[in-house]
Amino acid sequence: MNAPRAVDLAVGFARVTLASRWADRAWWPVAIAPAGVVPAGAEAICGREELRLHADEAENYLLNLTAPTPVVFVIWRLEADVPSVLMVTASYGEAARMLDAGERVEGLPLPDDLRGWIEDFARGHYRPPERKPRTRRYASTREAQGAHGNAAGLPGEAGAWRRA
């Protein structure tokens with residue numbers, strides 16, 4: 001487990017044409033590449049974004065890797081009409097938390113070389129959830145019987161509520 005826990009990536013953005021009366025173009029993340037490499041189709045680049053792996057997110061990495069299309073999530077904002085990356089993650093949980101916080105989260109296809117690195121890390125750090133002892137939610141019939149012997153624990157004849 002001496003593999004690095006973080007890699008630097010460059011996130012490429014392109015302006016896409018919109019069919020809207022309020023805006024004619026918008027920024028959109030289009031590709032990721034190793035830091036220092038220009039991502040394909042990028043008009044603007046946010047370089048040296050760190051993809052850091054955390055042991056407590058191992059289950060969320062595995063969820064991502066077992067999805068039909070694994071992705072790298074890019075959490076970003078538009079500041080003064082220029083895209084700015086807040087963070088890059090491979091964790092479904094982190095991406096979901098950022099979405100819940102109102103941030104923009106987009107998924108870009110996960111490169112094969114990162115896939116193997118993330119999978120090795122996640123499998124090495126994954127710990128199945130602890131099994132909790134099963135507890136009964138309701139008392140058994142014997143425990144529910146009161147001093148008078150009927151199921152409700154009320155005075156009266158046991159089973160008097162049944163009509164024969």
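**Figure 1. Aromatic pairs in the predicted model, with the pair of tyrosine 61 and phenylalanine 121 in close-up.** The structure, which is a predicted model, holds 3 aromatic pairs. In one of them, the ring centres of tyrosine 61 and phenylalanine 121 are 6.3 Å apart and the ring planes meet at 65 degrees, so the pair counts as edge-to-face, for which the angle has to be over 60 degrees. Tyrosine 61 belongs to helix α1 and phenylalanine 121 to helix α3, so this pair ties together parts that are 60 residues apart in sequence. Both partners are classed as buried, tyrosine 61 because its relative accessibility is 0% and phenylalanine 121 because its relative accessibility is 9%.

**Figure 2. Helix α3 and its buried side.** Helix α3 comprises the 14 residues 112-125, and at 1.5 Å a residue it should span 20 Å, which agrees with the 20 Å that separate its end C-alpha atoms. Within α3, the residues Leu114, Trp117, Ile118, Phe121, Ala122 and His125 are buried. Because these residues cover an arc of only 125 degrees around the axis, they lie on the same side of α3. The cover over the buried residues of α3 includes the strands β1 (6-17), β2 (25-34) and β3 (44-52), together with helix α1 (58-65). On the face of α3 turned away from the buried side are the exposed residues Asp112, Asp113, Asp120 and Arg123.

**Figure 3. Glutamate 119 in helix α3.** Glutamate 119 has its place in helix α3, and because its relative accessibility is 26%, it counts as partly exposed. The C-alpha atom of glutamate 119 is separated by 9.8 Å from that of threonine 66, although the two residues are 53 residues apart along the chain.

**Figure 4. Valine 7 in strand β1 and its contacts.** Valine 7 lies in strand β1, where a relative accessibility of 22% makes it partly exposed, since buried would require a value under 20%. When neighbours within four places in sequence are left aside, the residues in contact with valine 7 are Glu49, Glu50, Leu51, Leu114 and Trp117. Of these contacts, Leu114 and Trp117 are also among the buried residues of α3. The C-alpha atoms of valine 7 and proline 34, which are 27 residues apart along the chain, are separated by 8.0 Å.

**Figure 5. Valine 37 in the loop between β2 and β3.** The loop between β2 and β3 contains valine 37, which counts as partly exposed because its relative accessibility is 43%. A distance of 7.0 Å separates the C-alpha atoms of valine 37 and alanine 10, residues that are 27 apart along the chain.

**Figure 6. The hairpin of β4 and β5, with alanine 80 between the strands.** Strand β4 (residues 71-79) and strand β5 (residues 82-89) pair in the antiparallel sense over 7 bridges, and arginine 77 has serine 84 in β5 as its bridge partner. The hairpin has 2 residues between its strands, and alanine 80 there takes a positive phi near 55 degrees. Alanine 80 is not a glycine, and most residues other than glycine have a negative phi. With a relative accessibility of 76%, alanine 80 counts as exposed.

**Figure 7. Arginine 48, a residue of strand β3 with a positive phi.** Arginine 48 lies in strand β3 and, although it is not a glycine, has a positive phi of about 60 degrees. Because its relative accessibility is 60%, arginine 48 counts as exposed.

**Figure 8. Arginine 104 over the face of tryptophan 76.** Arginine 104 lies over the face of tryptophan 76, at a distance of 4.6 Å from the ring centre.

**Figure 9. The setting of the close-ups in the whole protein.** The protein has 4 helices and 6 strands, which follow the pattern β-β-β-α-β-β-α-β-α-α when read along the sequence. Of its 164 residues, 32% count as buried. Among contacts between residues at least 6 apart in sequence, 63% join residues at least 24 apart.

Definitions and conventions. Residues numbered from 1 in each chain as written. Predicted model: local features only at pLDDT ≥ 70, side-chain atom pairs only at ≥ 80, totals over all residues. Heavy atoms only, no water. Expected span 1.5 Å × (residues − 1). Buried < 20%, exposed > 50% of the residue type's maximum accessible area, 1.4 Å probe, protein only. Arc of directions from axis to C-beta. Contact = heavy atoms within 4.5 Å. Phe/Tyr/Trp six-rings, centres within 6.5 Å; stacked < 30°, edge-to-face > 60°. Lys NZ or Arg CZ within 6 Å of the ring centre and 35° of its normal. Pairing = 2+ DSSP bridges.
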